[in-house]
Amino acid sequence: MIKGMNSSEMQKNNRTLVFKTLLECGSMTRTELAAGIGLQKATITNIINEFLEMGIIAIDGDGAAGRRGENIYLKLDGIYTMSIGITRKDYQIEIFSLDGKQIKHVRHQIRKYEDIHRVVTGLKERALELVNQFGKQNILGICLAVPGLYIRRKTDGKDMLQVAEFAQLSQVDIHRELEETLGVPVLMKHDAKLAAYAEWRNAKEAKEDKNVSLIVIRSRGFGIGAGIVINGKIVEGQVGIAGEIGRMGINYNGKRNQDECMGTFEYYAGTESAVRYMLERLYEFPDSVLDEDSTYTDIVEAYQKRDPLAVYAIEKMAWMLGYGIANIVYMINPDCIILGPDYPEMECFLEKVRQVVKQFVHPLVEESITIRYSALSEDSFLLGGYYHVLEALFKENLILEKIRHITEEDILEETASKTVG
């Protein structure tokens, strides 16, 4: 027994450990569970019987690949988590099943001059609709992903958002407003950190070695944020700003102060920088399909067709991105760097970034680092919100308590329905 932990706490920990193992590994036999988590078979059997009474597992057949023994797997229909994310460009809401499958996705594009209070009102209304649709009691937890600069203030306990090119977001306490509207606690986390954790949980590199260090670089609009995961832990920093690489200076001559971004990594390598590069040389390329009103998406589409002006703009952004990554390599020396879906997912773009990194990083260091795109099909920061909710529930040993409440409510409703019938 762990020192300072009584028998009741130990039993609670064991139940949570069995549940977490089944959730992560899928179906297993009792023997595999006992060997995998170091518990006696009798303890495993008692926990499985308890789960059967709760109605959250099913048992069938012999083990996979000819192994003897019944396969045990979780049965968690009708239990969910919710992820919410907001950026200068849009807000998104995702409902996940408890095994991480996407159930419902909502996205609202934010117009350039749309009032932030109207945006937040719309977000709250849509989130409340989903909570009512899936049942507040059936949603185990909600995570709000916010862009940086996200500072956790320790002096007064109030968090602060200072988002490049989205100063409006600082005018509202979106976290508090969501909690008041939905009537439940909402976890809040920097979106790049959530994205990095989702990538780590699914990275082939981490499956081979849990000590792998990983960085995810994203640019959801103007700014650049990064999430850093080392040994399976998100790097937070003293006030939570670890990974705010967009504020890193890469041009000494770029005039700036704490509220301006000229001279910074995000000014030169954020996705919106491609628009600025395109406009700077627009009249030198009269045959280009691009014009004064072209967006970043337009430039990427033209780049795919090898429009010369688009190639110039995107490759200049790629050069600046690679230059910043070279600095990051020497600061953190990660095993893997993953570029978010905001950058063009094309081999020619990735190769340009790699070439620049090679120019500034020692060959023995450069060859030890993988630079690649995400392998996830869904948006990683929303998936990261799903994992963050689960980790919080596991840490506090609350997940089974919440699920038990749901299953008991279902049994009561079923009994009442039969009585009325």
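These notebook entries record what I looked up about charged side chains in this structure.

**Entry 1. Basis.** I worked from a predicted model. I began with the salt bridges, of which the structure holds 24.

**Entry 2. R201 and E24.** I looked up the partner of R201 and found a salt bridge with E24. The closest N and O atoms of this pair are 3.4 Å apart. I then placed the two residues along the chain: R201 is in helix α6 (residues 191–202), and E24 is in helix α1 (residues 7–25). The pair therefore links distant parts of the chain, 177 residues apart. I checked accessibility next. R201 is partly exposed, with a relative accessible area of 22%. E24 is also partly exposed, with a value of 46%.

**Entry 3. The network around this pair.** I asked which residues are linked with R201 and E24 in a network of salt bridges. The network consists of K20, E24, R201 and E391.

**Entry 4. K124 and E177.** I recorded a salt bridge between the side chains of K124 and E177, at 2.8 Å from N to O. K124 lies in helix α4 (residues 116–134) and E177 in helix α5 (residues 174–182), so this salt bridge ties together parts that are 53 residues apart in sequence. Is K124 buried or exposed? I noted a relative accessibility of 17% for K124. Because buried means under 20% relative accessible area, K124 counts as buried.

**Entry 5. R372 and E205.** I found that the side chains of R372 and E205 meet in a salt bridge, with 3.0 Å from N to O. R372 belongs to strand β14 (residues 370–373) and E205 to helix α7 (residues 204–208), so the pair joins parts that are 167 residues apart in sequence. I looked up the accessibility of both partners. R372 counts as buried at 10% relative accessibility, and E205 counts as buried at 13%.

**Entry 6. A patch of negative charge.** I turned to the surface and asked which residues gather in a patch of negative charge. They are D291, E292, D293, D298 and E301. I took D293 as one of these residues for a further check. D293 lies in the loop between α9 (273–280) and α10 (296–304). Its relative accessible area is 67%, so D293 counts as exposed, the cut-off for exposed being over 50%.

**Entry 7. Summary of accessibility.** I list the residues checked. R201 and E24 are partly exposed. K124 is buried, as are R372 and E205. D293, in the patch of negative charge, is exposed.

Methods: Residues numbered from 1 in each chain as written. Predicted model: local features only at pLDDT ≥ 70, side-chain atom pairs only at ≥ 80, totals over all residues. Heavy atoms only, no water. Patch = residues over 30% accessible without salt bridge, like charges linked within 9 Å, V, L, I, M, F, W, Y side chains within 5 Å. Areas by Shrake-Rupley, 256 points an atom, 1.4 Å probe, with all protein chains shown as cover. Salt bridge = Lys/Arg side-chain N within 4 Å of Asp/Glu carboxyl O. Lys, Arg positive; Asp, Glu negative; His and termini not counted. Charge placed at Lys NZ, Arg CZ, Asp CG, Glu CD. Helix = DSSP H or I, 4+ residues; strand = E, 2+ residues; numbered from the N terminus. Buried < 20%, exposed > 50% of the residue type's maximum accessible area, 1.4 Å probe, protein only.
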